[in-house]
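Trainee: I would like to learn how to read a protein model, feature by feature. Can we work through one together?

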Amino acid sequence: MVHKVTVMSREGCHLCDVAEADVARICDELGVPWETADVDSDPEWRAEYGDQVPVILIDGVEHGYWRVEEERLRAALR
């Protein structure tokens, strides 16, 4: 099964920039597609994830937030 990773982030968020770089590196190494989504572009996303950005979703399910736990993310994507 090929997973899809989404980084829920917002503009001007330093932790989001770091998480996006980590996810890009890991997903590129594993051949897993990934994308970013701006939590401020949707009121429901802002309400659900706004206080926790960056939030990492795998196949639309919350995997973690604030920081990428590399080994945990790699394990979930295998």
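Mentor: We go from the overall fold to single residues. Keep in mind that this is a predicted model.

Trainee: Which secondary structure elements does the protein chain have, and what pattern do they follow?

Mentor: Count the elements, then read their order. The protein chain has three helices and four strands. Along the sequence they run β-α-β-α-β-β-α. The radius of gyration is 12 Å, close to the 12 Å from the globule rule for 78 residues, so the chain is as compact as a globular protein of that length.

Trainee: What box do the C-alpha atoms fill?

Mentor: Take it along the principal axes: roughly 30 × 25 × 15 Å.

Trainee: How do I read burial and contacts for the chain? What share of the 78 residues is buried?

Mentor: Buried residues account for 38% of the 78. For contacts, look at sequence separation. Take the contacts between residues at least 6 apart in sequence: 62% of these join residues at least 24 apart.

Trainee: How much of the accessible surface belongs to carbon and sulfur atoms?

Mentor: The accessible surface is about 4700 Å², and carbon and sulfur atoms hold 49% of that.

Trainee: And charge? How many positive and negative side chains are there?

Mentor: Count each set, then compare their centres. The protein chain carries 8 positive and 18 negative side chains. The centres of the two sets lie 5 Å apart.

Trainee: How many aromatic pairs does the structure hold?

Mentor: One. Tyr65 and Trp66 form it, with edge-to-face geometry: 4.7 Å centre to centre and 80° between the planes. Planes over 60 degrees apart count as edge-to-face.

Trainee: Why do Tyr65 and Trp66 count as partly exposed?

Mentor: Partly exposed lies between the 20% and 50% cut-offs. Tyr65 has 35% relative accessibility, so it counts as partly exposed. Trp66, at 42%, also counts as partly exposed.

Trainee: Now a single strand residue. Where is Ser9 found, and is Ser9 buried or exposed?

Mentor: Ser9 is in strand S1, residues 5-9. Its relative accessibility is 6%, so Ser9 counts as buried. Leave out residues up to four places away in sequence, and Ser9 still touches Cys16, Glu20, Thr36, Ala37, Asp38, Val39 and Val53.

Trainee: And a helix residue? Is His14 buried or exposed?

Mentor: His14 lies in helix H1, residues 14-30. His14 is exposed, with a relative accessible area of 58%.

Trainee: How far apart are His14 and Arg25 in sequence and in space?

Mentor: They are 11 residues apart in sequence and 17 Å apart in space, C-alpha to C-alpha.

Note on methods. Residues are numbered from 1 along each chain as its sequence is written. This is a predicted model: local features need pLDDT of at least 70, side-chain atom pairs count only at pLDDT 80 or more; totals for chains, interfaces and linings use all residues. Side-chain values use heavy atoms; hydrogens and water are left out. Helices (H or I, at least four residues) and strands (E, at least two) are DSSP runs, numbered from the N terminus. The radius of gyration is taken over C-alpha atoms; the globule rule is 2.2 Å times the number of residues to the power 0.38. Buried means under 20% relative accessible area, exposed over 50%, partly exposed in between (1.4 Å probe, protein chains only). Contact means heavy atoms within 4.5 Å. Accessible areas come from the Shrake-Rupley method with a 1.4 Å probe; for residues, only the protein chains shown count as cover. Lys and Arg count as positive and Asp and Glu as negative; His and the chain ends are not counted. The place of a charge is taken as NZ of Lys, CZ of Arg, CG of Asp or CD of Glu. Rings of Phe, Tyr and Trp (its six-membered ring) pair if their centres lie within 6.5 Å; planes under 30 degrees apart count as stacked, over 60 as edge-to-face and the rest as tilted.
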